[in-house]
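This report describes selected features of one protein model, shown below. It proceeds from a single residue to a helix, then to the metal sites and the backbone.

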Amino acid sequence: MLSANAFAATSATGPLAPTTIERREPGPHDVVIEIEYCGICHSDIHTVRGEWGESHYPLAPGHEMAGVVSRVGDEVTRHAVGDRVGVGCMVESCRECANCVAGEEQYCLNGAVFSYGSVDRDGTITQGGYTSRVVVNEDFVLRIPEALGLDVAAPLLCAGITMYSPLRHWGAGPGKRVAIVGLGGLGHMGVKIAHALGAEVSVLSQSLKKMDDGLRLGADHYYATSDPDTFRSLAGSFDLIVNTVSAKIDLDAYLSLLALDGTMVNVGAPGEPLEVNVFSLLGRRRSFAGSNIGGIAQTQEMLDFCAEHGIAAEIETIPAAQINEAYERVLASDVRYRFVIDISTLA
Ligand code: NAP
Ligand code: ZN
Ligand code: ZN
């Protein structure tokens with residue numbers, strides 16, 4: 001076994017604290033990665049706090065890992081010692097079901113293994129990236145292009161792909177009016193990516209506090225949802241809305257902003273159910289959809305797209321000792337726009 005320094009939660013209510021965990025000895029197809037940076041995703045907070053159901057403790061969250069390969073199994077062909085690599089939300093899937101074969105491993109019919117809090121193939125519970133090293137099958141390890149720093153690339157592994165995948169699936173591009181709801185970790189990546197895809201991008205944020213940032217990141221328009229005029233003046237004006245909000249919102253109000261055949265995609269994942277009045281949908285043949293991260297091939301495509309377009313996350317780098325404080329700031333929507341842990345401070 002390989003030991004790793006970690007920052008983990010031991011309950012849904014207590015703070016995260018330093019500890020050590022064990023990683024498996026690498027098998028023939030495994031890659032050992034020394035993690036340098038790990039982003040803090042709001043999903044880490046939902047999971048640690050048991051908002052999506054009961055979690056396994058101790059739990060080291062983190063699924064935006066970026067680092068360098070230090071060792072490879074005998075049969076590894078995709079990665080070599082010294083490579084700059086990343087690991088996102090998934091570390092295994094069956095590879096045989098229709099969804100895996102289609103490159104949509106996140107929807108594996110036999111259950112994808114997620115990077116933390118998931119039952120691994122060997123029956124152990126996975127531990128995420130708030131740790132100094134990870135052992136992952138080579139097929140779930142992504143190449144980080146040279147043009148991207150490891151720190152600003154880390155958030156692409158979840159926030160980046162979670163926005164890229166639905167934007168591509170629902171055809172964000174020239175002539176499409178796209179709104180991103182919530183300018184946090186996911187939202188700011190959504191603005192950058194939708195802009196790079198050529199769409200006309202609007203931000204729907206609770207206030208105008210971050211308007212200058214939103215416009216700098218690539219938004220064409222910026223609106224405050226706390227202003228009732230926003231919903232009146234924008235009625236029927238978007239082809240695609242991607243909702244990144246981590247809490248319950250009034251879906252009907254947002255659906256009223258969709259044009260004929262428009263789609264609202266929820267990537268935000270609050271623990272409590274959202275309500276929809278069907279009349280919000282049938283009036284203009286609107287759709288309400290969901291999307292979960294993206295497949296491995298598309299995640300690599302997204303990383304290459306970001307490198308090519310000069311896109312990376314806007315980050316605030318923190319030492320591990322500030323993780324609990326960072327959680328409070330994320331919960332207060334006080335994140336600009338992703339906290340990234342400097343993993344060297346875990347020692
Ligand atoms: P985040 O950084 O906290 O961003 C969420 C943003 O939503 C906030 O910055 C804020 O933006 C807005 N917001 C927060 N509370 C709100 C409220 N009560 N009413 C209206 N707006 C509110 O979180 P994140 O890391 O981007 O994650 C967002 C959500 O996506 C989480 O639920 C997370 O679990 C989920 N997620 C899903 C996937 C997937 O694959 N589907 C992947 C990753 C994350 P403004 O200040 O601009 O209003
Ligand atoms: Zn995430
Ligand atoms: Zn499968």
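In which loop is W170 found? W170 belongs to the loop between α4 and β10. The model is a predicted one, and the statements that follow should be read accordingly.

**The residue W170 and its surroundings**

With a relative accessibility of 26%, W170 counts as partly exposed, because this class lies between the limits of 20% for buried and 50% for exposed. Setting aside residues up to four places away in sequence, W170 touches L240, T263, V265, A289, G290 and S291. One of these contacts, V265, is 95 residues apart from W170 in sequence, yet the two C-alpha atoms are 9.0 Å apart in space. The helix α4 is also followed by G171, whose phi is positive, near 70°.

**Helix α4 and its partners**

Is helix α4 largely enclosed by the rest of the structure or not, and why? Nine of its eleven residues are buried, so α4 is largely enclosed by the rest of the structure. The buried residues are A159, G160, I161, T162, M163, Y164, S165, P166 and L167. These residues pack against helices α5 (185-196) and α10, and against the strands β10 (177-181), β13 (238-243), β14 (258-266) and β17 (338-342).

The packing of α4 with α10 can be described further. Helix α4 covers residues 159-169 and helix α10 covers residues 296-308; their axes lie 10 Å apart and form an angle of about 100°. The two helices are therefore roughly perpendicular to each other, since angles of 65 to 115 degrees are placed in that class. On the α4 side, the contact involves G160, I161, Y164, S165 and R168, which meet Q298, T299, E301, M302 and F305 of α10. The residues of this contact comprise four nonpolar, four polar and two charged. A general property of helices helps in reading such lists: an α-helix has 3.6 residues a turn, so residues three or four places apart point the same way.

Another residue of helix α10 is Q300. Q300 is buried, with a relative accessible area of 10%. Leaving out residues up to four places away in sequence, Q300 touches L142 and R143.

**The two zinc sites**

The table sets out the protein donors of each zinc ion.

| Zinc ion | Protein donors | Distance from the ion | Spacing along the chain |
|---|---|---|---|
| Ligand 2 | C41 (SG), H63 (NE2), C158 (SG) | 2.0 to 2.2 Å | C-x21-H-x94-C |
| Ligand 3 | C94 (SG), C97 (SG), C100 (SG), C108 (SG) | 2.3 to 2.4 Å | C-x2-C-x2-C-x7-C |

At the zinc ion (ligand 2), the donors follow the spacing C-x21-H-x94-C. H63 lies in the loop between α1 (42-48) and β4 (65-72), while C158 lies in the loop between α3 (150-153) and α4, so this pair ties together parts that are 95 residues apart in sequence. Both H63 and C158 are buried; for H63 the relative accessibility is 8%. Beyond its neighbours within four places in sequence, H63 is in contact with several residues, including C38, D44, V87, Y116 and L157, as well as C41 and C158.

What arrangement do the four donor atoms around the zinc ion (ligand 3) form? They subtend angles of 104 to 120°, which makes the arrangement tetrahedral. Among the donors of this ion, C97 and C100 are buried.

**Special points of the backbone**

Most residues other than glycine have a negative phi, and most peptide bonds are trans. Several places in this model depart from that pattern.

R95 has a positive phi, near 70°, although R95 is a residue other than glycine. R95 lies in the loop between β6 (90-92) and α2 (98-101) and is partly exposed, with a relative accessible area of 32%. S333, likewise not a glycine, has a positive phi of about 55°. S333 is placed in the loop between α11 and β17, and its relative accessible area of 39% makes it partly exposed.

Two peptide bonds are cis. The bond from Y57 to P58 has omega near -5°, and P58 lies in the loop between α1 and β4. The bond joining R336 and Y337 has omega of about -10°, and Y337 lies in the loop between α11 (323-331) and β17.

Notes. Residues numbered from 1 in each chain as written. Chains lettered and ligands numbered in written order. Predicted model: local features only at pLDDT ≥ 70, side-chain atom pairs only at ≥ 80, totals over all residues. Heavy atoms only, no water. Axes fitted to C-alpha atoms, helices over the stretch in contact; angles between N-to-C directions. Helix = DSSP H or I, 4+ residues; strand = E, 2+ residues; numbered from the N terminus. Parallel < 35°, antiparallel > 145°, perpendicular 65-115°, else oblique. Contact = heavy atoms within 4.5 Å. Nonpolar A, V, L, I, M, F, W, Y, C, P; charged D, E, K, R; others polar. Donors = N, O, S within 2.8 Å, 3.2 Å for Na, K, Ca; no water. Buried < 20%, exposed > 50% of the residue type's maximum accessible area, 1.4 Å probe, protein only. Tetrahedral: all angles 85-135°; square planar, octahedral: opposite > 155°, others 65-115°.
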